[in-house]
Protein chains: 2
Amino acid sequence: MTSATSLFSPVEADLALLTDNLKNLVGARHKILYAAAEHLFGAGGKRIRPAIVLLLARATQPDGAITSRHRRLAEITEMIHTASLVHDDVVDESATRRGVPTVHSLFDNRVAVLAGDFLFAQSSWYLANLDNLAVVKLLSRVIMDLAEGEIRQGLKHFDTTLSIDAYLEKSYYKTATLIANSAKAVGVLSNVPEAMAENLYQFGRSLGLAYQVVDDILDFTGSSEVLGKPAGSDLLSGNLTAPVLYAMEEMPYLKALIDRKFSQPDDFEQAIEWVHSSQGIGRSRDLAMHHVEHALDCLGELRPSESRQALEDISKYVLRRLK
Amino acid sequence: MTSATSLFSPVEADLALLTDNLKNLVGARHKILYAAAEHLFGAGGKRIRPAIVLLLARATQPDGAITSRHRRLAEITEMIHTASLVHDDVVDESATRRGVPTVHSLFDNRVAVLAGDFLFAQSSWYLANLDNLAVVKLLSRVIMDLAEGEIRQGLKHFDTTLSIDAYLEKSYYKTATLIANSAKAVGVLSNVPEAMAENLYQFGRSLGLAYQVVDDILDFTGSSEVLGKPAGSDLLSGNLTAPVLYAMEEMPYLKALIDRKFSQPDDFEQAIEWVHSSQGIGRSRDLAMHHVEHALDCLGELRPSESRQALEDISKYVLRRLK
């Protein structure tokens with residue numbers, strides 16, 4: 001099985017440069033944030049978002065060359081993503097993320113809030129200096145969506161009336177908006193025609209949604225070691241995702257357990273069992289597959305290149321995480 | 001003595017509208033933030049920054065009429081200011097601000113981080129939609145400066161080598177940048193000549209610095225009731241301001257007390273006494289006066305109007321707070 005990072009080979013050197021830049025940006029100027037920067041942009045980062053931005057840059061530029069503005073956009077994308085993670089972890093009081101301690105638990109709330117604010121601030125400054133109002137709008141929309149998503153997430157806990165559409169909308173705000181709007185911004189910076197820019201947006205949106213659905217399936221099917229958290233922890237915290245929403249359609253009695261927030265003995269174990277015995281996971285896999293296919297379709301207009309191939313492989317890899 | 005708010009009479013109705021808009025923006029869409037919005041934009045707010053933006057709008061528009069983009073700019077200014085206060089209070093773990101409980105103490109860190117992020121996000125979205133790249137740059141610079149200022153503040157505690165220039169630079173990042181850049185942005189939106197826009201920037205910068213110096217004097221001379229915190233609390237927390245920096249020039253032995261962080265009995269009381277018996281407060285007053293005079297000079301090019309008069313009165317009022 002191909003590892004996620006080997007998929008990035010056409011932009012591997014570019015990603016190494018990006019990581020160095022991000023570490024220096026945050027850590028070098030402010031020793032108070034140095035350790036946080038090492039932690040955030042250190043060896044562990046998957047850098048999927050900037051990799052997609054850089055691959056799309058190569059795939060859309062006539063000569064396949066990444067411009068300095070594309071590089072800056074990739075940095076902005078990773079900064080916004082990281083800032084929102086750091087603040088989400090404060091808001092959710094999470095001690096770990098994918099098995100790694102969070103900034104606010106390693107350091108404190110103070111450093112986490114400062115580091116997040118600094119990254120948001122720096123990204124809005126970089127953004128303004130790309131000197132492209134359309135790109136500014138796309139990325140400020142992302143910042144807005146992420147804040148909106150985090151607030152909505154807090155409101156919808158244990159809400160058994162949540163529809164699949166509302167779940168996908170929530171996932172858009174939480175995950176897909178950043179890839180979708182960054183992908184479109186790459187197109188704007190590469191001066192692609194409007195229809196192509198819209199295709200890139202749809203590519204990012206579908207890929208982001210598929211990624212989130214797969215993540216939500218893995219919360220039920222993955223092992224604690226791979227997840228870095230106990231299986232079913234989304235459900236336990238009241239965050240209702242595709243597998244359980246589909247399961248509820250089939251087994252309305254599942255709702256009662258969730259409505260009472262698993263307050264009776266064995267409620268939670270029973271709920272997990274029902275989800276597994278329902279079509280919930282299979283239907284969620286179909287949903288993810290549908291979005292991956294749409295993402296692949298959206299790449300169809302790009303000229304054939306190593307980078308386009310990598311983007312297709314990344315899209316397919318999203319489903320391979322389920323195997 | 002004129003109250004601060006009566007100085008705003010040419011834009012009083014505009015400020016009432018702004019307050020309603022801000023409350024609705026944050027509170028109406030998100031019940032989780034409703035109480036925070038009421039608290040942040042409720043009766044207590046002084047709204048000095050949006051008042052200055054609105055007055056400058058009237059003073060720079062040929063017909064004295066505020067445009068919808070000026071109104072939006074005033075809202076953005078207040079949102080950025082409020083967001084930074086809310087996060088600063090989390091970072092500084094302050095329970096009260098000017099005698100009023102802070103958001104994170106009234107609610108919790110979670111709501112405070114969310115509310116601040118939402119305000120920053122909304123302001124960057126509004127900003128992008130002003131459709132003016134120059135204004136986007138001015139205000140993202142502010143967001144950047146505020147984050148930088150908060151980090152620097154954390155680094156410079158109990159630093160007795162701090163110069164008056166470094167103190168003023170810190171005060172610029174913390175306070176003056178928002179008024180300075182917003183004032184210039186008003187000029188850009190009103191299409192004033194470049195030299196006039198620069199004058200507006202200088203006006204805001206000087207007014208902001210004067211305001212901060214006066215605040216720092218009041219920390220020594222004000223009563224606890226007026227300040228809403230014990231007198232000398234900046235010094236106690238290691239935040240060295242104009243009065244103590246000047247006092248140290250005269251009384252180098254004051255440094256020893258600060259260097260050992262007031263660890264001996266009566267150190268703090270002794271330090272306060274020395275500051276009062278030095279020229280520190282008088283020289284700080286001169287410094288504030290110098291900046292107010294510069295601010296007034298910068299208004300000189302504006303055509304005479306009720307709004308210009310109000311801006312002059314506000315500038316002079318900054319010093320009257322010391323009486």
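**Aromatic groups and the contact between chains A and B**

In this predicted model, A:Phe158, A:Phe262 and A:Phe268 together form one aromatic cluster. Over all chains, the count of aromatic pairs comes to eight. One of these joins two members of the cluster: the ring centres of A:Phe262 and A:Phe268 lie 5.4 Å apart and the ring planes stand at 70°, and because planes over 60 degrees apart count as edge-to-face, the pair is placed in that class. Both A:Phe262 and A:Phe268 are buried. A further pair is made by A:Tyr172 and A:Tyr173, whose ring centres are 6.1 Å apart and whose planes meet at 65°, so that this pair, too, is edge-to-face. A:Tyr172 is buried, as is A:Tyr173.

Aromatic rings also take part in arrangements with charged side chains. Within chain B, B:Arg321 lies over the face of B:Tyr211, at 4.6 Å from the centre of the ring. Another such arrangement involves both chains, since the charged end of B:Arg141 sits over the ring of A:Trp125, at a distance of 4.6 Å from the ring centre.

The relation between the two chains was examined by superposition. Chain A can be laid on chain B with an RMSD of 0.0 Å by a turn of 180°, with a shift of 0.0 Å along the axis. The two copies are therefore related as by a two-fold rotation axis. In chain A, the C-alpha nearest this axis belongs to A:Leu133, which lies 3.2 Å from the axis.

The contact between the chains takes 36 residues from chain A and 36 residues from chain B. Of the interface residues of chain A, 100% are also interface residues in chain B, so the copies meet through the same surface. The size of an interface is often given as the accessible area that is lost when the parts come together. For chain A and chain B the buried area is about 3,500 Å², of which 73% is on carbon and sulfur atoms. Of the area that chain A buries against chain B, 18% is supplied by A:Trp125, A:Met144 and A:Ile151, more than by any other three residues. A:Trp125 is thus named twice in this description, as it is also the residue whose ring lies under the charged end of B:Arg141.

Charged and polar groups likewise meet across the contact. Between chain A and chain B the count is two salt bridges; one of them is formed by A:Asp131 with B:Lys137, whose closest N and O atoms are 2.7 Å apart. In addition, four residue pairs, with both residues at pLDDT 80 or more, are found in polar contact across the interface of chain A and chain B.

Note on methods: Residues numbered from 1 in each chain as written. Chains lettered and ligands numbered in written order. Heavy atoms only, no water. Least-squares fit on C-alpha atoms with pLDDT ≥ 70 in both. Contact = heavy atoms within 4.5 Å. Phe/Tyr/Trp six-rings, centres within 6.5 Å; stacked < 30°, edge-to-face > 60°. Buried < 20%, exposed > 50% of the residue type's maximum accessible area, 1.4 Å probe, protein only. Lys NZ or Arg CZ within 6 Å of the ring centre and 35° of its normal. Buried area = accessible area lost by both parts, 1.4 Å probe. Salt bridge = Lys/Arg side-chain N within 4 Å of Asp/Glu carboxyl O. Polar contact = N/O pair within 3.5 Å; in protein donor to acceptor, adjacent residues only side chain to side chain.
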